[in-house]
Amino acid sequence: MDRPYGSYADVLLKQRYRPGSVIGHGGMAKVYLARDEQLGRDVALKLFGAIPAGSEATPVFTAELRMLASLNHHGIVTLLDAGIDDSVPDEPHPFLIMELVTGPNLEQAIRAGDLTPRAIAEIGYDLAEALEYVHARGIVHRDLKPSNVLLAQYGTTEVRMRARLTDFGIAFDAAAALGPEETNTTGTAAYLSPEQVLRDLVGPASDVYALGLVLLECFTRHIEFPGDPSASAVSRLKSDPIVPADLSSAWRSLLTAMLQRDPAQRPPMRDVLLALRQIVVDEAGRHRNRPAPVPIEETARMNAVRRYESYVGPGDEVFERVANLARRVADTPVAIVSMIEHDEIRFLAHPGTELTGLAREDGLCSSIVAHDEAWVIENCLLDPRSSENDLVTGDFGMRFYAGVPIRSPEGYNVGVISVVDFTTRTLTEEQLASLLDLAALVTDELELQVASHQLRSELPVSTGDVPTPAVRYPHAV
């Protein structure tokens with residue numbers, strides 16, 4: 001007779017693991033709090049239903065065992081051991097031993113209503129990071145839902161909860177050819193992607209969709225597609241999830257993109273990760289304690305710009321070298337050194353693009369001048385600062401942008417050094433610091449050119465064969 005669940009106090013699995021109370025359950029397995037008596041620590045025991053004596057372990061057990069054994073990531077619950085419980089010889093039970101994650105699962109946290117927008121962004125970032133890792137290894141989770149997300153607590157209020165992904169029982173190798181049995185609809189109905197409902201080929205975009213539904217539920221605290229499995233599954237083919245209008249523009253842009261019915265229109269998980277990282281920074285309020293910026297005195301700023309106008313123009317060797325240095329530092333195909341005029345952005349150097357300037361209202365440089373800070377936009381399509389800009393939506397196809405202001409000695413922003421890429425990417429703190437150093441060199445060069453011109457104008461006009469000295473100050477570029 002099958003040993004009843006919950007009656008394992010007298011069993012020592014593999015002469016090492018002693019099961020305790022049930023802490024979770026699913027359709028094919030129950031999860032117990034267990035004690036590793038060899039190492040003196042608590043672990044999680046996932047015990048599957050009995051299999052016929054003498055047969056191999058269940059396909060789901062075997063799949064999860066191999067899957068978990070191949071993964072090593074801080075965002076994924078770690079597999080520690082596995083085996084078969086044969087304490088009842090006629091009804092052996094496969095089991096997994098996993099690290100014990102102390103804390104609620106995300107379903108419980110949503111019901112409790114304890115999630116702030118910042119916490120949701122941090123949870124989303126952790127999950128996107130873990131999913132990007134498994135996608136890079138050809139694995140699709142296929143059953144992402146709040147109950148499969150564990151929130152690790154480390155016993156201190158100084159460290160936030162960390163989201164850990166579990167239950168890879170129906171994950172599969174996305175690169176493998178799908179047989180008929182693999183095109184069956186698997187997963188939890190409320191979180192299926194449209195292609196899972198239609199039994200089409202399932203890839204990483206399905207996890208993007210499911211993560212979008214999970215994050216949306218964190219805000220709304222209700223399942224977007226409730227009901228019985230059939231009604232829930234079909235409803236997403238008829239209507240799109242409703243993204244609340246009161247969310248920030250960054251959240252609305254990201255969730256709308258993740259929840260597109262067409263998987264080809266969803267961003268890859270790497271882009272989701274970059275967008276969530278920016279949201280985490282924004283939600284953390286990095287600049288919340290800064291005083292409000294002083295409105296730009298445009299007349300004074302333009303006086304600073306005009307001070308340089310007569311002495312600088314396109315084709316200057318120094319600015320070309322600075323732009324090329326910026327391109328190499330940031331490892332981007334395009335770099336631009338620009339001056340921000342009253343109604344236009346004038347490019348002094350622009351290696352990598354044939355553009356020579358823009359209307360001021362059409363460029364991101366003018367926003368950098370207005371905000372008086374560096375901008376790094378890792379995914380232009382998903383960042384509200386750039387998602388509607390013509391350089392992003394049009395033929396130019398900009399996907400990454402970073403810019404730092406060029407300041408006059410009086411502190412006025414007269415221009416910008418920008419770097420551009422056509423794929424999403426990141427910029428390190430060291431690279432950003434180097435761009436700021438290059439902006440300071442541009443200011444030095446502008447001042448040298450003004451000083452050189454003034455010095456030449458003050459020298460007496462040469463007569464006869466006495467040449468006028470050519471004054472040129474050395475510089476570091």
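In this predicted model, V272 touches A128, V208, L211, L254, M258 and P267, leaving aside residues up to four places away in sequence; a contact here means heavy atoms within 4.5 Å. V272 also appears, together with L106, L115, L211, W251 and L254, among those residues of the largest nonpolar core that touch the most other members, out of 64 residues in that core. A nonpolar core is a set of buried Ala, Val, Leu, Ile, Met, Phe, Trp, Tyr and Cys residues joined through side-chain atoms within 4.5 Å, where buried means under 20% relative accessible area, exposed over 50%, and partly exposed in between (1.4 Å probe, protein chains only). Helix α3 (residues 117-136) provides the largest share of this core, with 11 residues. Another core, of 32 residues, lies apart from it and includes A323, M339, L348 and V442.

A second place worth a visit is E378, in the loop between β13 (375-377) and α12 (390-393). Helices (H or I, at least four residues) and strands (E, at least two) are DSSP runs, numbered from the N terminus. E378 counts as buried because its relative accessible area is 9%. Its side chain makes a polar contact with the side chain of R277 (2.3 Å); such a contact is a pair of N or O atoms within 3.5 Å, and within protein one must be able to donate a hydrogen and the other to accept it, while residues adjacent in sequence count only if both atoms are side-chain atoms. Not counting residues up to four places away in sequence, E378 touches L274, R277, R399, F400, T424, R425, T426 and L427.

Turning to the backbone, most residues other than glycine have a negative phi. K14, which is not a glycine, nevertheless has a positive phi of about 55°, and R199, also not a glycine, has one of about 60°. K14 lies in the segment before β1 (17-25) and is partly exposed because its relative accessibility is 46%. R199 sits in the loop between α4 (194-197) and α5 (204-220), and its 52% relative accessibility is why it counts as exposed.

As for confidence, the protein chain averages a pLDDT (the predictor's confidence in each residue, from 0 to 100) of 82, and 83% of the residues score at least 70. Confidence is highest in α5, at 95, and lowest in strand β9 (residues 172-173), at a mean of 47. Residues 172-185 have a pLDDT below 50, with 22 contacts in the model beyond near neighbours in sequence. Where pLDDT is low, the predicted coordinates should not be read in detail.

Residues are numbered from 1 along each chain as its sequence is written, and side-chain values use heavy atoms, with hydrogens and water left out. Local features need pLDDT of at least 70 and side-chain atom pairs count only at pLDDT 80 or more, whereas totals for chains, interfaces and linings use all residues.
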